[in-house]
Amino acid sequence: VDTNIKIPFWKASCFGLGDFGNNFVWTFVGSYLMIFYTDVFGIPMAAVSLLMLIARAWDAINDPIIGGLSDRTRTRWGRYRPWVLLMSFPTAIITVLTFWAHPDWSDTSKIVYMYVTYALLVLCYTGVNIPYSAMTSVLTQNTDERAKLSTMRITLANVSIAGIGIIVVPMVSALGGGNDAIGYRLTAIIFVI
């Protein structure tokens with residue numbers, strides 16, 4: 001198969017939309033989850049801080065595992081596409097569950113729920129993002145075309161990051177009607193769709 005191919009601008013744009021979606025959800029998680037955990041879910045900041053530390057260690061473990069598994073995947077759809085397609089659904093579901101507050105639960109139940117959903121979210125997101133990132137290298141061997149794909153990814157990722165910073169607080173307020181727990185949940189549902 002000739003892999004030294006030219007990729008039309010519209011295809012590069014479509015490919016870049018993957019990072020738009022990935023960053024749309026992950027920026028929402030990265031920018032607002034700690035606020036949600038402490039201010040809406042009612043989890044102590046010390047528990048949330050410890051979670052973030054443990055999550056980085058968990059990410060360091062699961063990233064190479066997912067990378068290795070996806071590199072060894074052999075299907076008629078390629079190595080990486082099945083991972084992106086199949087892992088996107090659990091990622092969407094876990095994202096919504098992560099923003100599903102239960103403020104009336106005991107502190108222990110809240111913390112266990114937070115740890116389980118966030119660990120699963122990190123794993124599922126890795127299952128989408130690592131294979132998606134690796135796709136650039138198999139789409140073309142042409143370095144100029146790879147640069148075009150990477151530029152499109154970065155550009156659309158930055159657009160989504162900027163958009164999140166503008167729309168989340170008004171969306172949570174409008175959708176929740178004064179109830180931030182509902183506002184965050186509905187915002188998460190809209191974002192994953």
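Me: Before I look at helix 5, how is the expected span of a helix worked out?

Reply: The expected span of a helix is 1.5 Å times one less than its number of residues. In this structure, which is a predicted model, helix 5 covers residues 143-176, and its 34 residues reach 47 Å from the first C-alpha to the last, close to the 50 Å expected.

Me: Where in helix 5 does a kink lie?

Reply: The kink, of about 40°, lies at Ile 167, shortly before the proline Pro 170.

Me: What should I look for at the two ends of helix 5?

Reply: At the N-terminal end, Asn 142 acts as a cap, with a side-chain oxygen 2.9 Å from the backbone nitrogen of Asp 144. After the helix comes Gly 177, whose phi is positive, near 55°.

Me: How many helices and strands does the protein chain have?

Reply: The secondary structure comes to six helices and zero strands, and the C-alpha atoms fill a box of roughly 60 × 35 × 25 Å along the principal axes. Of the 193 residues in the chain, 44% are buried.

Me: Is Pro 64 buried or exposed?

Reply: A residue counts as exposed when its relative accessible area is over 50%. Pro 64, which has its place in helix 2 (residues 45-72), is therefore exposed, because its relative accessibility is 53%. Its C-alpha atom is separated by 9.0 Å from that of Ile 130, although these two residues are 66 residues apart along the chain.

Me: How many disulfides does the structure hold, and how do Cys 14 and Cys 124 differ in accessibility?

Reply: In general, a disulfide is a covalent bond between the sulfur atoms of two cysteines. This structure holds zero disulfides. As for accessibility, the range from 20% to 50% is called partly exposed, and anything under 20% is called buried. Cys 14 is partly exposed because its relative accessibility is 44%, whereas Cys 124 is buried, since its relative accessible area is 8%.

Me: Which residues lie nearest the centre of the largest pocket?

Reply: Phe 15, Leu 17, Gly 18, Val 84 and Tyr 132 lie nearest its centre, and they belong to a lining of 32 residues. The elements that give two or more residues to this lining are helix 1 (9-40), helix 3 (81-98), helix 4 (107-139) and helix 6 (180-192). Helix 1 provides the largest share, 12 residues, and the space in the pocket is about 690 Å³.

Terms used. Residues are numbered from 1 along each chain as its sequence is written. This is a predicted model: local features need pLDDT of at least 70, side-chain atom pairs count only at pLDDT 80 or more; totals for chains, interfaces and linings use all residues. Side-chain values use heavy atoms; hydrogens and water are left out. A disulfide is a pair of cysteine sulfur atoms within 2.5 Å. Buried means under 20% relative accessible area, exposed over 50%, partly exposed in between (1.4 Å probe, protein chains only). Helices (H or I, at least four residues) and strands (E, at least two) are DSSP runs, numbered from the N terminus. The bend at a residue is the angle between axes fitted to the seven residues ending there and the seven starting there. A polar contact is a pair of N or O atoms within 3.5 Å; within protein, one must be able to donate a hydrogen and the other to accept it, and residues adjacent in sequence count only if both atoms are side-chain atoms. On a 1 Å grid over the protein atoms alone, a cavity is a set of points where a 1.4 Å probe fits but cannot get out, and a pocket is an open set with protein on both sides within 12 Å along at least five of seven lines; lining residues have an atom within 4 Å of a point. Grid points are joined across faces, edges and corners, and a volume is the space filled by probe spheres set on the points.
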